[in-house]
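The following paragraphs lead through a protein structure, from the confidence of the model to its overall layout and then to individual residues. Please keep the sequence and the structure in view while reading.

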Amino acid sequence: MPIISIKLAKPEFSKAQKEELIADITELLHTKYNKPKQNIVIMLEDIEPYNIAFGGENVEKLRLKGKK
């Protein structure tokens with residue numbers, strides 16, 4: 001049983017986009033790797049941007065820099 005865990009920096013994906021992402025990943029695993037759809041588990045977790053960092057700066061600050 002494939003278990004897929006994806007962490008997303010908020011607020012990048014809407015509910016509809018998440019549903020599409022889940023459907024796309026499920027279809028990929030089913031068609032390419034012959035996994036039964038009912039056995040595929042996908043977990044999406046939203047992470048606050050201040051809890052993710054690149055090069056010592058959190059994503060929240062990097063996004064603010066990019067808007068300037």
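Among the elements of the chain, helix α1 (residues 15-33) has the highest mean pLDDT, 97, and helix α2 (residues 59-67) the lowest, 85. Here pLDDT is the predictor's confidence in each residue, on a scale from 0 to 100, and helices (DSSP runs of H or I, at least four residues) and strands (runs of E, at least two) are numbered from the N terminus. For the chain, the mean pLDDT is 93, and 99% of the residues reach 70 or more. The model is predicted: local features need pLDDT of at least 70 and side-chain atom pairs count only at pLDDT 80 or more, whereas totals for chains, interfaces and linings use all residues. Residues are numbered from 1 along each chain as its sequence is written, and side-chain values use heavy atoms, with hydrogens and water left out.

The chain has 2 helices and 4 strands, and from the N terminus on its elements run β-α-β-β-β-α. The radius of gyration is 15 Å, well over the 11 Å that the globule rule gives for 68 residues, so the chain is more spread out than a compact globule. This radius is taken over C-alpha atoms, and the globule rule is 2.2 Å times the number of residues to the power 0.38. Along the principal axes, the C-alpha atoms fill a box of roughly 45 × 25 × 15 Å.

Of the 68 residues in the chain, 21% are buried; buried means under 20% relative accessible area, exposed over 50%, and partly exposed in between (1.4 Å probe, protein chains only). The accessible surface of the chain comes to about 5,300 Å², and 54% of it belongs to carbon and sulfur atoms. Accessible areas come from the Shrake-Rupley method with a 1.4 Å probe, and for residues only the protein chains shown count as cover. Contacts, meaning heavy atoms within 4.5 Å, often span the sequence: among those between residues at least 6 apart, 56% join residues at least 24 apart.

Which residues does Lys18 touch beyond its neighbours within four places in sequence? Lys18 has its place in helix α1 and is in contact with Leu8, Phe13, Leu44 and Asp46. Lys18 counts as buried because its relative accessible area is 18%. With Asp46, Lys18 forms a salt bridge in which the closest N and O atoms are 2.5 Å apart. That pair links distant parts of the chain, with Lys18 in helix α1 and Asp46 in strand β2, 28 residues apart. Asp46, at a relative accessible area of 36%, is partly exposed.

The structure holds 5 salt bridges, each defined as a side-chain nitrogen of Lys or Arg within 4 Å of a carboxyl oxygen of Asp or Glu. Side chains of opposite charge can pair when their charged atoms come close. Another of these pairs joins the side chains of Glu48 and Lys10, at 2.8 Å from N to O. Glu48 lies in the loop between β2 (41-47) and β3 (53-54), and Lys10 in the loop between β1 (3-9) and α1, so the salt bridge ties together parts that are 38 residues apart in sequence. Glu48 is partly exposed at 26% relative accessible area, and Lys10 is likewise partly exposed at 31%. A further salt bridge is formed by Lys65 and Glu57, whose closest N and O atoms are 2.7 Å apart. Lys65 is partly exposed at 46% relative accessibility, as is Glu57 at 27%.

The backbone also deserves attention. The peptide bond from Lys10 to Pro11 is cis, with omega near -15°, and Pro11 is found in the loop between β1 and α1. In the loop between α1 and β2, Asn34 has a phi near 55°, a positive value in a residue other than glycine. Asn34 is exposed, with a relative accessible area of 63%.

On the surface, Met1, Ile3 and Met43 make a nonpolar patch of about 360 Å². Patches are made of residues with over 30% relative accessible area and no salt bridge; like charges are joined within 9 Å, and nonpolar side chains (Val, Leu, Ile, Met, Phe, Trp, Tyr) within 5 Å. Met1 has its place in the segment before β1 and counts as exposed because its relative accessibility is 72%.
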